[in-house]
Amino acid sequence: MTQHIAIVGGGYIGAELAKSLDAKAEVTLIEPRSHFVHAPAMIRGVVDPALLDRALIPYDSLLKHGRVVQARAMSVNGSGVTLEDGRHIAATQVVVATGSGNAAPFKPKGDDIAAFRAENARIHALLKAAKSVAIVGAGAVGTELAGEIAHAMPGKRITLISDQPRLFPDKPAALGAGLAKKLQRASVQLILGQRAQNLESLSEPYAGSLRLADGSEHEFDLIFPVLGSRANSDLLQALPGAQTSSAGRIKVDPWLRPASFPNVFAAGDVADAGDAMTIVATSRQLPWLRRTLLGLGKGKSLEEMKPYAPWGEKSPLLVPLGPRRGSSFLGIMTVGDLLTRKMKGEDLFVKKYRTLLGQP
Ligand SMILES: Cc1cc2nc3c(=O)[nH]c(=O)nc-3n(C[C@H](O)[C@H](O)[C@H](O)COP(=O)(O)OP(=O)(O)OC[C@H]3O[C@@H](n4cnc5c(N)ncnc54)[C@H](O)[C@@H]3O)c2cc1C
């Protein structure tokens, strides 16, 4: 029997998995957007919108044998995937990799890439005009944004606010301490251990005032809410036995199955497999998925193949502060400007993902 693998979502997991299986099985990738959205470049894209020309990458050269169906999946089950226009894509295995959403302008609100570009341009203009900027949330995206603005637009009053007592409290202290020092040197004010009480929007930047936990009030020309990603898990929530965990992610069994269907898998940000919601962490699932899906195609049973083992807390984290500076945790040690710049800061992996999508 021909093995037909349907993959829902063409983000980091879906696009790379589809390509790696393209010559081995019949692959259908279901993705409503015309372009792959390379998220790491969308932070620098706020200060340099021209970067979007290279970091929004069309899907048309991704697969040689299989097909990319530009559509939104409405339901999945053990027989395949049903699309919003009612078409059914039959499959022997289904992988759901619908990822996560984030505030504007970091990930698109909908599927229209032109609308996403317009939103980027609108927010860039607001940022250019702003004298004072607050970033609420000091995870990787908020911290990188502070570094990018300080690098590209010196002279702005930038404040990075976090309710945590230090930056990256779940990583070794050297990472947060190094980044804090570099941000302060770039004149970014850090307010740590203080929750913003009155955020007017969680989904897009706005002008206004912030009240902090100590009762102080602060006015800003632009406030970026950067409070983390939330999984796109509607499809999986509808499956029998599916259970939601933090950030809307769906729990999976040791073979990355979210529900009682033996041939429906979930991976990437949408699946709570014990990996952080990052490309670096969830990419660990790719070789396991490929091996396991091809094993099933050869008639092996899942249980005779090794279950998936996540990174856990050792997953690396690369945090550039603009193209030159930054600090990174590499699983066993923390490194500074040079390695962060070479590994990520200079190019933000744009070349890697353009190559994956078959674009020069
Ligand atoms: C601004 C920003 C910067 C980041 N930078 C980094 C970084 O430098 N390094 C790092 O490791 N991580 C980074 N991350 C995290 C990283 O982007 C996510 O971990 C990654 O996108 C998850 O990949 P994914 O394949 O699970 O899903 P996604 O990349 O979110 O892709 C999911 C895809 O599924 C599609 N989809 C959704 N619903 C449906 C449906 N019903 N039918 C069909 N398709 C659907 C979407 O259109 C989307 O294309 C960053 C995140 C943000 C927001």
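UniProt positions are given in the numbering used here, and the annotations may be inferred rather than shown by experiment. The model is predicted.

**Exercise 1. Annotated spans**

Task: State which residues the two UniProt domain annotations cover, and describe the secondary structure content of each span.

Solution:
1. The unreviewed UniProt entry carries the annotation "domain: FAD/NAD(P)-binding", which covers residues 81–276.
2. In the model, residues 81–276 are 24% helix and 26% strand, and the end C-alpha atoms of this span are 27 Å apart.
3. The entry also lists "domain: Pyridine nucleotide-disulphide oxidoreductase N-terminal" for residues 4–42.
4. Residues 4–42 are 33% helix and 33% strand, with 34 Å between their end C-alpha atoms.

**Exercise 2. The ligand shell**

Task: Describe the residues around the ligand, their polar or nonpolar character, and the backbone contacts made with ligand atoms.

Solution:
1. Start with the shell, taking a residue as near the ligand if one of its heavy atoms lies within 4 Å of it. There are 31 residues around the ligand, and those that come nearest are Glu-31, Lys-107, Ile-279, Val-280 and Lys-344.
2. Sort the shell by residue type: 16 residues are nonpolar, nine are polar and six are charged.
3. Look for polar contacts, which are pairs of N or O atoms within 3.5 Å. A nitrogen atom of the ligand lies 2.9 Å from a backbone N or O atom of Ala-73.
4. For ligand oxygen, a polar backbone atom of Ser-100 is 3.2 Å from an oxygen atom of the ligand. A polar backbone atom of Ile-279 is 2.8 Å from an oxygen atom of the ligand.
5. Turn to coverage: on its own the ligand has 990 Å² of accessible area, and the protein covers 93% of that.
6. Assign the shell to elements. Two or more residues come from each of α1 (12–21), α2 (40–47) and α8 (279–282).

**Exercise 3. The parallel sheet**

Task: Give the strand order of the five-stranded sheet and identify its edges.

Solution:
1. The order is β5-β2-β1-β9-β18, the sheet is open, and the pairing is parallel.
2. β5 (67–69) and β18 (264–266) are the edge strands, pairing on one side only.
3. From one strand to the next, the twist averages 20 degrees.
4. For a pair inside this order, take β1 (residues 4–8) and β2 (residues 26–30), which are joined in the parallel sense by five bridges. Val-8 has Ile-30 of β2 opposite it.

**Exercise 4. The antiparallel sheet**

Task: Explain why one side of each edge strand in the three-stranded sheet has no neighbour in the sheet.

Solution:
1. Strands of a sheet pair through backbone hydrogen bonds, in either the parallel or the antiparallel sense.
2. Here the three strands form an open sheet in the order β6-β7-β8, with antiparallel pairing.
3. β6 (73–77) and β8 (88–90) are at the edges and each has a single partner strand, so one side of each is left without a neighbour in the sheet.
4. The twist of this sheet averages 20 degrees from one strand to the next.
5. β7 (residues 80–83) is joined to β8 by three bridges. Within β8, Ile-89 is the bridge partner of Val-81.

**Exercise 5. The pairings of β15**

Task: Compare the sense in which β15 pairs with β11 and with β14.

Solution:
1. β11 (residues 132–136) and β15 (residues 217–225) pair over four bridges in the parallel sense. Val-133 stands opposite Leu-222 of β15.
2. β14 (residues 206–211) runs antiparallel to β15, and five bridges join them. The bridge partner of Gly-208 in β15 is Phe-220.
3. The hairpin of β14 and β15 has five residues between the strands, and in it Gly-215 takes a positive phi near 90 degrees.

**Exercise 6. Backbone exceptions**

Task: Locate a cis peptide bond and a positive phi in a residue other than glycine.

Solution:
1. Recall the background: most peptide bonds are trans, and most residues other than glycine have a negative phi.
2. The bond joining Ala-104 and Pro-105 is cis, with omega about 5 degrees. Pro-105 is in the loop between β10 (100–101) and α4 (113–129).
3. Ser-187 has a positive phi, near 70 degrees. The loop between α6 (173–185) and β13 (188–191) holds Ser-187.

Definitions and conventions
Residues numbered from 1 in each chain as written. Predicted model: local features only at pLDDT ≥ 70, side-chain atom pairs only at ≥ 80, totals over all residues. Heavy atoms only, no water. Polar contact = N/O pair within 3.5 Å; in protein donor to acceptor, adjacent residues only side chain to side chain. Areas by Shrake-Rupley, 256 points an atom, 1.4 Å probe, with all protein chains shown as cover. Nonpolar A, V, L, I, M, F, W, Y, C, P; charged D, E, K, R; others polar. Pairing = 2+ DSSP bridges. Axes fitted to C-alpha atoms, helices over the stretch in contact; angles between N-to-C directions.
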